[in-house]
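Please work through the following exercises with the sequence and the coordinates at hand. Each task is followed by a stepwise solution.

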Amino acid sequence: MINATIQLSTLLMSSPVKIAHYVVSLCFLVFAVLLIFRSVTGLIKKREFGKLDKFLSYAFIVNLYLQLIFGIVLFTNMNPTSGLNYPGDKSHVDMLSKRLWPIEHIVLMLFALFIANLGLISSLKSRNSSAKYRKVLIYYVLSIVLIAYSLISIYL
């Protein structure tokens, strides 16, 4: 409870860009869960790929682009002495990994965005609904896995 309060107070004292990045990340998570759920149920129930599915696909991509924009702004404004103060051991290896994490994070996010765009393009070019759902599911889940790996690497 105390840790959550500390994180909330730290978030509230952060820059508006960082808060926007967090909000867009939460929206992305909601769209990702809905998109995966709709794709799986669309494949199982053999539903038509409708307007809501197309909207979720576009919303997924738009959220990734917004995260990229906010992330680049955060990266360019990052202070090396205060922006990387993660709790934990202050050994040299730990400090080096924390300094390299933003670069790794941005590269993995760019790959995730590229894969998601490929998924959107290939799903829109597909003729039948099951192929659209399958491509959305494969490409978008792969992009979500890259994003999750990029985020988990800082906390492990």
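The exercises below treat one helix, the loop after it, aromatic pairs and a surface patch.

This is a predicted model, in which local features need pLDDT of at least 70, side-chain atom pairs count only at pLDDT 80 or more, and totals for chains, interfaces and linings use all residues. Residues are numbered from 1 along each chain as its sequence is written, and side-chain values use heavy atoms, with hydrogens and water left out.

**Exercise 1.** Compare the span of H2 from its first C-alpha to its last with the expected value.

Solution. Helices are DSSP runs (H or I, at least four residues), numbered from the N terminus. The expected span is 1.5 Å times one less than the number of residues. H2 has 30 residues, for which 44 Å is expected. The model gives 43 Å, close to that value.

**Exercise 2.** Determine the sign of phi at Lys46 and whether Lys46 is buried or exposed.

Solution. Lys46 is located in the loop between H2 and H3. Its phi is positive, about 55°, although the residue is not a glycine. Most residues other than glycine have a negative phi. Buried means under 20% relative accessible area, exposed over 50%, and partly exposed in between (1.4 Å probe, protein chains only). Lys46 counts as exposed because its relative accessibility is 72%.

**Exercise 3.** Classify the ring pairs Phe49 with Tyr133 and Phe60 with Tyr140.

Solution. Rings of Phe, Tyr and Trp (its six-membered ring) pair if their centres lie within 6.5 Å; planes under 30 degrees apart count as stacked, over 60 as edge-to-face and the rest as tilted. A search of the whole structure yields four such pairs. For Phe49 and Tyr133, the centres are 5.1 Å apart and the planes stand at 65°, so the pair is edge-to-face. Phe49 lies in the loop between H2 and H3 and Tyr133 in H5, so this pair ties together parts 84 residues apart in sequence. Both Phe49 and Tyr133 are buried.

For Phe60 and Tyr140, the distance is 4.4 Å centre to centre with 10° between the planes, and the pair is stacked. Phe60 belongs to H3 and Tyr140 to H5, so parts 80 residues apart in sequence are tied together. Both Phe60 and Tyr140 are buried. Phe28, Phe60 and Tyr140 form one aromatic cluster, and Phe28 is among the buried residues of H2.

**Exercise 4.** Locate Val73 and assign its accessibility class.

Solution. Val73 lies in H3, residues 51-76. It counts as partly exposed because its relative accessibility is 31%.

Conventions
Helix = DSSP H or I, 4+ residues; strand = E, 2+ residues; numbered from the N terminus.
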